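Visitor: I'm new to this structure and would love a close look at a single part of it. Could you pick one helix and walk me through its surroundings?

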Amino acid sequence: MEAPVITAPAPVAPIVERCEALLNDLTFETVRQWKENHPGKKAIGWLPVWAPRELILAAGMLPVGVMGASDRLEIVKGDAYYQSYICHLPRSVLELGLNGSLDVLDGVLFPSTCDVIRNLSGMWRILFPQKYVRYVDVPQNPAMSLGGRFFAEDLRAIAAELGEVSGTPVTHESLRAAFAVCNANRRAVHDLYALRVAKPWCVPSAELYLLVRAGALLPVEEHTALIREYMQLAEASAAKPMDMARVTVRGCFCEQPPLDLIRTIERSGCWIMDDDWLIAWRWFKEDLPLEGDPFENMARVFVTDSPACPTMHLAHGVKGAALKAEIKNTGSEGVLFMAPSFCDPALLDQPMIQAAIEKAGIPWSALLYAENTGQFQVIREQAGTFADALKLS
Amino acid sequence: MNTTVMKDRSQERQKRMLADYFKRLAVSRENGWKNVYTFVPGNLTELILSFDLLPVLPEINALQSGMRKKSGAFIQEAEKAGHSEDVCAYVKSDLGMLRGGNIGPTGEPLPSPDLLLLSYTGCFTFMKWFEILREETGAPTLMLHVPFQGEGRVTREMRDYVIRQLKTEVIPALEKLSGKAYDESRLAEMLARSRAMEDDLVHVLESAKRKPSPIDGYFAAVYYIGPIFSAFRGTEDAQHYYRELREEVDARIAQGIGPMTPDGPMPPEKFRLVVEGPPAWTHFNELWRMFHAEGAVIVASTYTKVGGVYDDGFRHDPSDPLGTLADYCLGCYTNRSMQDRVNMIARYVKDYDADGFMINSVKSCNSFSAGQLLILREVERLTGRPGGFFESDLVDPRYFSAANIKNRVESYLQMLDQRRTGGASA
Ligand code: SF4
Ligand code: SF4
């Protein structure tokens, strides 16, 4: 089924335009301006999939998500560091570093997402020796007395280092305040996702993407306010319900899909009811507690409330069960696996999840992309065929 | 060319050890012997053996499948079942083998896993590999998270974390599986043997500092590391193996003999090289020949440190069994920072007086390969010696382009030659 082209309802248009401008801010001018307006303050970048931005905030600095450069940056130097069989994300991140765009950052956190990002942390240290670089090894052993304890200790160490970078030591109080700010932000993003489930025609996925992605550059509170404002306008919009296939998207938790890929999927007749892009902004379902030792609390919530992301080791049966539950909760009819080419976590995990949902009789389709994919005709046809099959089943 | 190569005593012993080992695995079910699947980097062989459990190393099975030209078909089998062309071929080779009846490299059946000890050391793929095996076989996984040396050092917290996991999860799981209590004195005995064999291995590897080198520190050394990186560290057999190997190498030194290759004695040493990256197992001899035929000996390699780095002084310490196992896991090559890897290669180039170094960048392995082009530049900068680069794969024969690689190797060696001549006439 060919769906009509989805255009932004007028009232939200200015917000969406602002977010798209942020997506296109490849020189990190937004961060530069923030620093100009906050003399003496610093900014710390972080890479997908998740990093403790609360710690950056608690040290009085701006957390900046470095999510790659989509198809809007010509890779000149980045390719010289990577063989053809390595995904695209590290190329664009390196390009942004080598072309000076990331000079505005005073440091970068590299989470233990995969071996590519792990090794990029070491490359960064060599290439930018004057900057603060920290590898964040998230706990793969989920027992609180083991992985949780190790993580709490490491979070303490990272907080102390960030305090030194900023000149503002992280205290329990400042960390709790940062928790409150990020809790509110996560709640806003969760609410935005819930609104999309309830009324997908009011929250086109390309808009949702832009809204969440704006959080990579905006101060957290400003981002929260922007989402809330958008939701108010979107809920009141006059967009008409449309009957399209409802799909859940999985696999794009790290290297981001191009915006036009998301648009293409909707234009081929699929409402995206759930996805895993920009997953850091929804990493926890519950709030980080504001009482007690904040480091212990963050570690505890991490080991108990992280999503079933392919970057994590999960107990037997959890990942299939988690996806089935999401499918049910969001009313999805099928799963569209969208993985970046050469992405180990996504592609190694995919056959296991596919087997789990196949057993439950849930249809799926799979495609590959790179953040700089520019041609969508084949994908459009594939997604369209999948949408038709879902409608007929 | 001499193709009838006399086997050394150590080689004969290793052959017998492997044959016995696979035989034991083949009859393990009927004898009620339990096994533990685990990985080479961060393997806890002594601990597993101290419970009389049999270690199984899927990486070794995969590389053996590669050497026996079986991996190509296994990989295609896994890809047909939905596994991506883009991911590590070790996993797909293993999976293809499993689906084809789990017949091991010697043609005997391998037991399905009783426990998947996921020693998560230096490679993300490990985690998914054992999740896949868990899905396929129903065996439970047991995570041992070994933190990566991102900051270029091991902290007290990292070490304590590994020890706590050993004490509270790994040992109880092994006790449960084996029905035996943890016996620290038995473990310490094995660790003492490991220490002795580590001394001998380092002696052998460092013999390549001599000119000419009596060994090849990459192609031949992958055989030397076989027992200590796999199911035999801490065993009496392996201890004898390393003593014999040491004596044989010492005898070669005394006689002034260079390395032995599958095609016979190596021609006179003309180039001394360091190699970074794993070998292409599917074309192992062919790749080796590209070097030895030109008189290029590999004097040191990083691959021979994936299952443990011993030439920087680390030895297993029987007086602190769990602490030393933690130190061992944390120190494996792929668990080290990029800067450490650069420093190690640069040190090898200098200490072994190499003319240069080559990187074999394998498609399968992001752990090794992501960042190797920067390693190339950095080592060149630190040593002032030129680096060379070629691409292949460990066990996926589709990515071994013999003509391209030969061309790369030859051009690189020619360049070294020209520099030398230029340098001599300058
Ligand atoms: S896209 Fe996949 S492989 Fe690439 S950096 Fe991200 S998680 Fe790693
Ligand atoms: S990715 Fe590399 S280290 Fe990991 S299993 Fe594959 S070859 Fe081994």
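Guide: Let's take α6(B), in this predicted model. Its buried residues begin with a run of A89(B), Y90(B), V91(B), K92(B) and S93(B), and the list goes on with D94(B), L95(B), G96(B), M97(B) and L98(B). The helix covers residues 89–99 of chain B, and because ten of its eleven residues are buried, the rest of the structure largely encloses it. Buried here means under 20% relative accessible area.

What do these buried residues pack against? Within chain B, the partners are α4 (58–67), α5 (71–80) and α7 (124–137), and chain A contributes α13. Following α6(B) comes G101(B), with a positive phi near 110°.

The partner from chain A leads us to another spot. Helix α13 (344–359) of chain A, along with α5 (115–127) of chain A, gives two or more residues to the shell around ligand 1. Among the residues around that ligand are C87(A), C114(A), C254(A) and C343(A), as well as E255(A), F342(A), D344(A) and P345(A). Sorted by class, the shell has nine nonpolar residues, one polar and two charged.

Back in chain B, helix α8 (residues 156–178) makes a nice companion to look at. With 23 residues at 1.5 Å each, α8 of chain B should span 33 Å, and its end C-alpha atoms lie 31 Å apart, which agrees. Look for a kink of about 40° in α8(B), centred on L166(B). Just after α8(B), you'll find G179(B), where phi is positive at about 75°.

Technical notes. Residues numbered from 1 in each chain as written. Chains lettered and ligands numbered in written order. Predicted model: local features only at pLDDT ≥ 70, side-chain atom pairs only at ≥ 80, totals over all residues. Heavy atoms only, no water. Near = heavy atom within 4 Å. Helix = DSSP H or I, 4+ residues; strand = E, 2+ residues; numbered from the N terminus. Nonpolar A, V, L, I, M, F, W, Y, C, P; charged D, E, K, R; others polar. Expected span 1.5 Å × (residues − 1). Bend = angle between axes of the 7 residues up to and from the residue. Buried < 20%, exposed > 50% of the residue type's maximum accessible area, 1.4 Å probe, protein only. Contact = heavy atoms within 4.5 Å.
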